[in-house]
There are 2 protein chains.
Amino acid sequence: MNYAPTNGHADATQPPPSTTTPTTLSYDQAGVNYDLIDPLKIAAQRAAASTASQLAHHGFSEILASRGESAYVVDVGPFYLASIVECLGTKTLVADEMARLTGVSRYDAIAQDTIAMAINDLITVGATPLVVQAYWAAGGSDWFGDAQRSQALVAGWKSACETCQVAWGGGETPALAGIVESGRVDLAASCTGLVNPKQRLSLGDKLGAGDAIVLLASSGIHANGLSLARKLVERLPQGYLTEVAPGLSYGDALLAPTTLYSPVTEALWKAGITPHYCANVTGHGWRKLLRHPAELSYRIHTLPSVPPVLTFIQQQARQDDREAYSTLNMGAGFALYVAAEDAQRCVEISRAQGIEAWVAGTVEAGPKCLDIEPLGIRWGGEDLQLR
Amino acid sequence: MNYAPTNGHADATQPPPSTTTPTTLSYDQAGVNYDLIDPLKIAAQRAAASTASQLAHHGFSEILASRGESAYVVDVGPFYLASIVECLGTKTLVADEMARLTGVSRYDAIAQDTIAMAINDLITVGATPLVVQAYWAAGGSDWFGDAQRSQALVAGWKSACETCQVAWGGGETPALAGIVESGRVDLAASCTGLVNPKQRLSLGDKLGAGDAIVLLASSGIHANGLSLARKLVERLPQGYLTEVAPGLSYGDALLAPTTLYSPVTEALWKAGITPHYCANVTGHGWRKLLRHPAELSYRIHTLPSVPPVLTFIQQQARQDDREAYSTLNMGAGFALYVAAEDAQRCVEISRAQGIEAWVAGTVEAGPKCLDIEPLGIRWGGEDLQLR
């Protein structure tokens with residue numbers, strides 16, 4: 001990501017602007033303190049921005065509008081180059097505990113989650129992902145000795161690359177005893193892609209009143225909100241084995257792999273549709289729909305169905321809708337802002353890729369805000385501070 | 001890196017092929033067990049290689065010879081795209097301990113080390129680095145609250161980007177309590193660049209008998225061999241404060257930031273010199289000079305001067321030259337294989353960039369081996385297994 005505070009990894013949700021009841025479990029309580037992280041992040045943003053001029057030595061230039069967006073974009077002449085590094089977050093802790101409880105490693109799903117964190121951000125700018133590099137930093141050499149887990153990780157990584165039609169270029173498998181905790185692994189992915197042809201760039205300059213908002217279904221919690229989800233386990237008598245739906249444990253439900261959306265964005269391009277803007281719904285939940293800096297109003301008239309695991313988390317954490325939708329994806333993993341006449345075709349193209357979708361709202365002239373009409377929720381621009 | 005086993009991060013040195021005395025401290029004893037890591041690495045290599053065909057969906061193709069080299073290269077038409085992700089390793093543990101002992105944070109140097117791990121690998125294929133992404137995964141939010149350390153990290157990262165004329169695109173600053181140890185940070189960098197024009201590609205197809213080997217000076221241990229260096233502290237009565245040279249503590253000497261070599265490779269190109277091959281001397285020490293798969297003999301006639309910290313480590317660990325040169329860079333951080341007539345000019349160009357250099361050897365027809373003549377050391381191709 002591009003130093004948009006708190007975008008892109010599992011622990012990265014700012015305390016939502018909500019009234020809470022004493023039994024509500026919020027992100028504050030889940031243990032991430034942004035007052036400590038933000039000064040460094042702001043210093044890093046400023047220093048990073050100042051290095052853009054270095055590209056002139058090579059005859060290139062940055063696309064300024066990509067700073068603050070989900071991937072960094074450089075004009076290299078015939079096309080734009082987009083790149084990113086993304087951390088999975090703490091979802092491995094759920095997989096580790098479920099492996100202990102069930103004997104089954106779900107690191108195949110974890111691999112897909114990690115790649116999704118990078119791919120789903122990279123495609124928001126209109127890039128086609130081309131190369132993924134793997135970053136698997138373990139707490140010691142012995143982490144790699146668990147053959148079942150290792151094979152699941154490799155198989156899931158390969159499979160996700162194939163789904164996204166990217167080459168797995170290589171990676172790092174360091175053993176970092178003393179830095180990564182024993183028995184744990186820190187997973188991340190970097191991704192490089194091209195915006196090609198250049199008119200695929202979707203940083204929002206074509207976004208405007210009259211556009212439609214198409215929401216693409218999530219598969220569950222994805223990889224954001226896991227600190228909250230893990231904290232919640234303490235309240236459940238059967239812990240991760242508690243059923244969230246008949247035959248579906250909380251742990252297994254959490255481990256549903258994050259949906260990979262690049263097959264949809266590539267299919268859209270082949271069908272002649274260029275989104276005006278895209279938002280990957282990660283940390284901040286639906287507030288992420290307010291990501292673009294333009295003064296525009298977003299009106300949601302149709303809600304996606306909510307995966308059972310998210311309904312369960314909302315109920316168990318005693319969150320009202322305002323808090324739940326400001327923290328979790330609530331069934332919408334990715335948002336496309338497209339010309340109104342393309343909206344229904346976007347839905348059909350997404351469904352053809354096996355991903356449910358809805359024409360869910362409209363973009364209108366007006367002050368920056370998001371109205372989720374079926375729920376009576378409104379957020380203003382001040383409720384999402386990413387730049 | 002490109003799954004060349006053990007290249008590129010601090011802990012990544014295989015046990016060198018050497019006879020040891022009972023008091024010798026080897027990498028085996030420093031605690032990294034490659035028997036556990038290698039099966040996963042081989043499985044990952046195979047799976048990664050199988051994904052290359054995915055690029056055909058986009059009209060592109062991989063450069064097969066880059067698999068097994070230090071960066072992955074894709075032909076995207078007008079130029080080649082090179083990308084990489086690299087881990088710093090455990091050098092932060094030295095900086096943490098020295099900060100405790102002296103009150104001074106050297107995370108500015110650590111930042112340069114991290115970027116050097118990525119940049120110095122990326123340039124081996126002939127790429128100009130363009131964009132660096134930062135990966136700073138801390139053991140908790142509070143890690144970022146140390147203002148002196150945070151400012152040093154940001155300042156060092158920015159400065160290294162400027163030295164390498166790359167744009168700092170963005171990054172990740174996750175707080176990973178439960179995965180990264182409390183008070184620690186896992187640092188990595190991803191880097192994307194272009195081989196432009198394509199004739200800059202230096203994967204070794206022009207490497208041949210008659211070429212000269214030019215060695216570029218290291219600044220010290222760089223970021224490889226740190227597990228050994230840290231283990232050694234247990235043998236030193238004054239620990240990190242032991243002097244390795246008058247007024248220079250072991251800890252400070254270890255923290256000399258890794259030399260950034262991209263100013264040299266860029267200056268070479270501007271001077272009309274294209275190396276036939278390059279080797280970044282990291283894990284495996286000088287055995288890395290055997291990296292290219294061709295059947296060629298490498299004869300070293302001139303040794304670089306050895307930084308005091310490496311002489312000290314060799315003495316304290318009671319390593320013979322064979323073991324020291326197979327583990328540490330021993331004064332040579334980067335190797336250029338160039339046409340003989342260009343060799344002296346390479347030295348002058350490197351010196352003009354502030355980096356000492358030597359015309360150190362020659363490439364000859366013959367069986368794959370490296371002769372370090374002044375030391376009477378010979379390694380065969382079987383002493384470096386990277387593919």
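**View 1. Strand β10 of chain A and its partner β12.** Two strands count as paired here if DSSP finds at least two bridges between them. In this predicted model, β10(A), residues 277-280, meets that mark with strand β12 of chain A, residues 332-338: the two run antiparallel and share four bridges. Look for Ala279(A), which stands opposite Ala335(A) in β12(A).

**View 2. The two faces of β10(A).** Staying with this strand, we can turn to its side chains. Tyr277(A) and Ala279(A) lie on one side of β10(A), while Cys278(A) and Asn280(A) lie on the other. All four are buried, and both faces of the strand are covered.

**View 3. Where chain B meets chain A.** Each partner brings a good share to this contact: 86 residues come from chain A and 86 residues from chain B. Together the chains bury about 7,000 Å², with carbon and sulfur atoms giving 66% of that area. Three residues are worth finding on the chain B side: Leu40(B), Glu172(B) and Ile179(B) supply 10% of the area that chain B buries against chain A, more than any other three residues.

**View 4. Polar pairs and the chain B surface.** Between chain B and chain A, 21 residue pairs are in polar contact (both at pLDDT 80 or more), whereas the rule finds zero salt bridges across this interface. Elements of chain B that give two or more residues to the side touching chain A include the helices α1 (34-50), α2 (91-102) and α4 (147-163), along with strands such as β4 (128-138) and β6 (185-195). By residue type, this side of chain B divides into 46 nonpolar, 29 polar and eleven charged residues.

Key
Residues numbered from 1 in each chain as written. Chains lettered and ligands numbered in written order. Predicted model: local features only at pLDDT ≥ 70, side-chain atom pairs only at ≥ 80, totals over all residues. Heavy atoms only, no water. Buried < 20%, exposed > 50% of the residue type's maximum accessible area, 1.4 Å probe, protein only. Contact = heavy atoms within 4.5 Å. Buried area = accessible area lost by both parts, 1.4 Å probe. Salt bridge = Lys/Arg side-chain N within 4 Å of Asp/Glu carboxyl O. Polar contact = N/O pair within 3.5 Å; in protein donor to acceptor, adjacent residues only side chain to side chain. Nonpolar A, V, L, I, M, F, W, Y, C, P; charged D, E, K, R; others polar.
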